[in-house]
Structures are given as C-alpha cells and as structure tokens.
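Got the viewer open and a selection box ready? Let's take a walk through this one, stop by stop.

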Amino acid sequence: MLDAASAPLARGTVGTQTWSFDGGGRAVVIVPAWVASTVRLPVLVALHGRGEALKGPELGVLGWPRDYALLRAIERVCAPPLTTDDFEGFVEARHLANTNKALEAQPFRGLVVVCPYLPDIDLRKPARIHEYGEYLWKSVMPRVRRELPILASPASTGIDGVSLGGAVALRVGLEGASSLGAVGTLQAAINDDQIGELTELAKGARGKNPDLKLRLLTSKEDYFRGAISKLSNAFRAAGIVHDFADVPGPHDYPFNRGPGAIEMLLWHDRVLAHA
C-alpha cells in the first residue's frame with residue numbers, strides 16, 4: 001500500500017511508485033493524494049505508444065507519467081479552467097468552453113492510474129496481444145487490488161492507450177469485457193482490414209457486458225484517422241453504442257501531452273463508477 005498522509009494534500013497532488021514484476025515487467029502507479037486515505041477510487045490502466053515500447057521497460061514505463069506529461073494533466077484538470085496551452089494548442093474554442101463548463105458542473109474526482117510497460121507487440125499476432133492481456137489481468141491487476149486504494153468492481157475499472165497502446169487496449173479490453181467498465185482508445189494503430197474483426201469483438205464484448213462504455217478518439221492529423229472513423233461507422237451500423245471524438249492535433253508527443261492525457265482522464269473519470 002502506498003503511504004498516505006493523515007490529511008489530504010492540495011488537489012492534483014499525487015504519489016507515484018514504480019513496480020517490478022517477474023519476467024522484467026514494470027508499471028508506474030499514480031495515486032491521488034488529495035482524497036482522504038479511506039476513499040477508494042476507480043482505476044485506469046493506461047498503455048503507452050510504440051516509441052516507449054522501443055525504449056525498453058526502464059525508460060518505456062515512464063511514457064505516460066513523464067513523456068506524455070500525465071502528472072501535469074492531472075494537476076490541471078484538478079484546477080480549472082483549462083486553457084489552450086493545457087491542450088498544447090490543439091483545441092477548438094467551443095470544445096474548450098464545453099470542457100470547462102463540464103468541469104465546473106462536476107469537478108474531476110480522481111482516478112488511480114496504472115501505467116504498465118508495453119512491449120513492441122506485433123499487432124498482426126492476436127496471440128501475443130492475448131498473452132499481454134493475461135499478464136495484465138493475472139499479474140498486474142491482482143497486485144493493484146492488493147496494494148492500492150481502488151474500487152475493484154468491473155464498473156470502476158477502465159483501460160485506455162495511445163497508438164500501439166490504443167490498439168492493444170482495444171483488443172485486450174474487448175476480450176476482458178466482463179472485468180471492465182470502460183474501454184477507450186486514443187489514435188489506435190488499426191488498419192482497414194481489421195475493422196470487421198474488431199466489430200465482431202465489440203459485439204461479443206457487449207453481449208458479455210451490456211453496460212461496457214466504449215470510446216474511439218482520433219485527431220485531424222492522425223495517421224490512423226481513416227481506419228478509426230470507419231471502425232466507428234461499423235460500430236454504429238452494428239448497433240454498438242460508443243463515444244467517438246475527432247479532435248485537432250498530430251499523431252505525436254505534443255498530442256499525448258495535451259488532448260491525449262486530458263481527454264483520457266476526463267472521459268474515464270466521467271464514465272467509471274465512483275463510490
């Protein structure tokens with residue numbers, strides 16, 4: 001269990017630890033310190049992109065907390081109003097206003113975020129993705145439930161990721177739908193020839209868990225925008241209710257540090273069950 005102060009700290013303050021697992025696995029865990037030590041929170045598993053996968057476990061595991069400025073994003077969503085600078089310039093005025101209006105009506109409540117290292121998995125080999133999912137559910141998450149102040153119910157558990165991490169989060173999340181409340185993606189690295197298979201997986205996931213929340217997010221300069229948009233259309237045609245967002249920004253680090261981190265935090269904080 002992370003040490004908790006007797007009194008909550010300023011909103012946006014977090015505690016972090018880096019965990020090691022058998023076989024060389026690593027994860028950084030991020031725990032809000034502004035809530036009372038008796039409060040349990042939803043948990044989000046956040047997967048990084050391929051650039052971090054290629055760095056190896058020691059550096060790659062820092063993708064979300066360091067390279068994508070997730071800690072800064074947590075601090076900022078706790079102290080609105082958000083500004084254009086918080087989005088690294090990639091935000092439309094109307095969306096920024098709506099986001100701040102929503103935060104005024106319902107302040108960010110807080111998530112425990114688990115950032116595991118993701119190897120450079122071949123996305124054409126479902127068996128490797130399934131193997132990584134087994135590692136998450138059988139090695140990482142049991143330790144999370146033992147040591148962190150989380151709500152352990154499926155409705156309070158989410159998974160998300162960017163690019164490579166988005167594609168893996170989508171497949172792992174749909175396969176493990178009965179254990180999750182939300183599956184999100186950011187600029188998921190998918191291609192047109194995977195749309196049929198992913199749609200069938202989503203139909204099966206909703207059959208197992210009708211309450212599962214789904215979100216596909218792309219951006220105007222995202223390499224995978226066409227395929228993600230087509231996947232959203234396929235979901236819609238199949239009656240798979242989901243959120244879809246097409247926002248400004250490139251497929252690059254500034255996007256991750258701006259819209260990526262902020263949109264991921266706010267969506268899961270909204271859709272996951274809090275106590």
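Which residues line the largest cavity? Before we select them, keep in mind that this is a predicted model. Now pick Leu123, Ile129, Ala167, Arg171, Ala189, Ile190, Gln194 and Leu198: together they form the lining. By class, that makes six nonpolar residues, one polar and one charged. The enclosed volume comes to about 40 Å³, and the structure holds one cavity of 30 Å³ or more.

**Stop two: the largest pocket**

Next, go to the open kind of space. The largest pocket has a volume of about 410 Å³. Its lining counts 21 residues, and the ones to select for a view of the centre are Ala102, Glu263, Leu266, Trp267 and Arg270, which lie nearest to it. To see where the walls come from, colour α5 (93–105), β7 (213–221), β8 (243–250) and α10 (253–271); each of these supplies at least two lining residues. If you colour the pocket lining by class, you should get ten nonpolar, four polar and seven charged residues.

**Stop three: aromatic pairs**

Time for some rings. A pair of aromatic rings is described by the distance of the centres and the angle of the planes. The structure holds seven aromatic pairs. Start with Phe21 and Tyr135: the ring centres are 6.0 Å apart and the planes meet at 85 degrees, so this pair is edge-to-face. Phe21 sits in the loop between β1 (14–20) and β2 (26–32), while Tyr135 belongs to helix α6 (residues 126–147), so the pair ties together parts that are 114 residues apart in sequence. Buried or exposed, these two? Both Phe21 and Tyr135 are buried.

For another edge-to-face example, select Tyr223 and Phe224, with 6.3 Å from centre to centre and 75 degrees between the planes. Put a surface on these two and check their accessibility. Tyr223 has 64% relative accessibility, so it counts as exposed. Phe224 is at 18%, and the cut-off for buried is under 20%, so Phe224 counts as buried.

Now go back to Phe21 and widen the selection. Ring pairs link Trp19, Phe21, Tyr132 and Tyr135 into a cluster. Add Arg143 to that view: Arg143 lies over the face of Trp19, at 4.2 Å from the ring centre. Arg143 also lies over the face of Phe21, this time at 5.6 Å from the ring centre.

**Stop four: Glu52 and Lys55**

Jump to helix α1 (residues 50–53), where you'll find Glu52. Glu52 has 1% relative accessibility, so it counts as buried. What is Glu52 in contact with, leaving aside its neighbours within four places in sequence? Show Gly60, Gly63, Asp67, Tyr68, Tyr117 and Tyr253, and you have the list.

Keep those on screen and add Lys55, in the loop between α1 and α2 (57–60). Lys55 is partly exposed, with a relative accessible area of 35%. Not counting residues up to four places away in sequence, Lys55 touches Gly60, Asp67 and Tyr253. If you fancy a distance label, draw one from Lys55 to Tyr117, C-alpha to C-alpha: it should read 10.0 Å, for residues that are 62 apart in sequence.

**Stop five: backbone oddments**

Last, switch to the backbone. Where is the cis peptide bond? Zoom in on the bond from Pro80 to Pro81, where omega is near 15 degrees. Pro81 has its place in the loop between α4 (70–77) and α5.

The loop between α4 and α5 also holds Glu88. Phi of Glu88 is near 55 degrees, which is a positive value in a residue other than glycine. Glu88 is partly exposed, with a relative accessible area of 29%.

To finish, select Gln187, in the loop between β6 (182–186) and α8 (195–208). Here too phi is positive in a non-glycine residue: for Gln187 the value is near 50 degrees. Gln187 is buried, with a relative accessible area of 1%.

Methods: Residues are numbered from 1 along each chain as its sequence is written. This is a predicted model: local features need pLDDT of at least 70, side-chain atom pairs count only at pLDDT 80 or more; totals for chains, interfaces and linings use all residues. Side-chain values use heavy atoms; hydrogens and water are left out. Rings of Phe, Tyr and Trp (its six-membered ring) pair if their centres lie within 6.5 Å; planes under 30 degrees apart count as stacked, over 60 as edge-to-face and the rest as tilted. Helices (H or I, at least four residues) and strands (E, at least two) are DSSP runs, numbered from the N terminus. Buried means under 20% relative accessible area, exposed over 50%, partly exposed in between (1.4 Å probe, protein chains only). A charge sits over a ring if NZ of Lys or CZ of Arg is within 6 Å of the ring centre and within 35 degrees of the ring normal. On a 1 Å grid over the protein atoms alone, a cavity is a set of points where a 1.4 Å probe fits but cannot get out, and a pocket is an open set with protein on both sides within 12 Å along at least five of seven lines; lining residues have an atom within 4 Å of a point. Grid points are joined across faces, edges and corners, and a volume is the space filled by probe spheres set on the points. Ala, Val, Leu, Ile, Met, Phe, Trp, Tyr, Cys and Pro count as nonpolar, Asp, Glu, Lys and Arg as charged, and the others, Gly among them, as polar. Contact means heavy atoms within 4.5 Å.
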